[in-house]
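Biologist: Before I accept any label attached to a model, I would like to hear the criterion behind it. Could we go through the labels with the structure on display?

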Amino acid sequence: MNLGNKPYQGLMQKKESLAKSKPLPPIVLRDITEALSVEWRYNSNSIEGNTLILQETKLVLQGGITVKRKSLREHFEVVNPHEATD
């Protein structure tokens with residue numbers, strides 16, 4: 001099956017665009033780091049059975065709030081490893 005070069009070409013164009021914009025501004029790096037941290041924590045906890053959705057995970061990490069009808073265990077699963085890696 002030949003998928004053609006379109007996906008590859010699109011990826012290479014994005015790579016070239018990123019290379020031209022280096023070094024990235026500190027605020028962009030911070031935003032990328034924060035987004036990856038939230039997604040990493042969400043995916044890791046989801047694998048273990050945590051029922052918080054991505055947006056709730058972000059609120060717990062960045063807003064320090066608790067989510068209705070979610071256990072404290074689920075909140076601690078989000079917050080504790082995050083504090084350990086910071």
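The exchange below takes up the labels used for this model and the values behind them.

Modeller: This is a predicted model, in which local features need pLDDT of at least 70 and side-chain atom pairs count only at pLDDT 80 or more, while totals for chains, interfaces and linings use all residues. Residues are numbered from 1 along each chain as its sequence is written, and side-chain values use heavy atoms, with hydrogens and water left out.

Biologist: What makes up the secondary structure of the protein?

Modeller: The protein has four helices and zero strands, in the order α-α-α-α along the sequence. Helices are DSSP runs of H or I with at least four residues, strands are runs of E with at least two, and numbering starts from the N terminus.

Biologist: Why is His-75 called buried?

Modeller: Buried means under 20% relative accessible area, exposed means over 50%, and partly exposed lies in between, with a 1.4 Å probe and protein chains only. His-75 has 5% relative accessibility, so it counts as buried. This residue of helix α4 touches Val-60, Ile-65, Thr-66, Val-67 and Lys-70, leaving aside residues up to four places away in sequence, where contact means heavy atoms within 4.5 Å.

Biologist: What makes the pairing of the His-75 side chain with the backbone nitrogen of Val-67 a polar contact?

Modeller: A polar contact is a pair of N or O atoms within 3.5 Å; within protein, one must be able to donate a hydrogen and the other to accept it, and residues adjacent in sequence count only if both atoms are side-chain atoms. The backbone nitrogen of Val-67 lies 2.7 Å from a polar atom of the His-75 side chain, so the distance falls within the limit.

Biologist: How do you know whether Asn-45 is buried or exposed?

Modeller: Its relative accessible area is 6%, and therefore Asn-45 is buried. Asn-45 is placed in helix α2 and touches Asn-50, Glu-77 and Val-78, again not counting residues up to four places away in sequence.

Biologist: On which side of α3 are Glu-56, Thr-57, Val-60 and Leu-61?

Modeller: These four residues of α3 are buried. They cover an arc of only 130° around the axis, which means that they lie on the same side of α3; the arc is that of the directions from the helix axis to the C-beta atoms.

Biologist: What is unusual about the phi of Arg-69, and is the residue buried or exposed?

Modeller: Most residues other than glycine have a negative phi, and most peptide bonds are trans. Arg-69 has a positive phi of about 65° although it is not a glycine, and it sits in the loop between α3 (54-63) and α4 (72-85). Its relative accessibility is 80%, so Arg-69 counts as exposed. In the loop between α3 and α4 there is also Gly-64, with a positive phi of about 65° just after α3, and at 63% relative accessibility Gly-64 counts as exposed.

Biologist: Where is the cis peptide bond?

Modeller: The cis bond joins Lys-22 and Pro-23, with omega about -5°, and Pro-23 is in the loop between α1 (6-20) and α2 (26-47).

Biologist: Why is Ile-32 called partly exposed?

Modeller: Ile-32, a residue of helix α2, has 39% relative accessibility and therefore counts as partly exposed.
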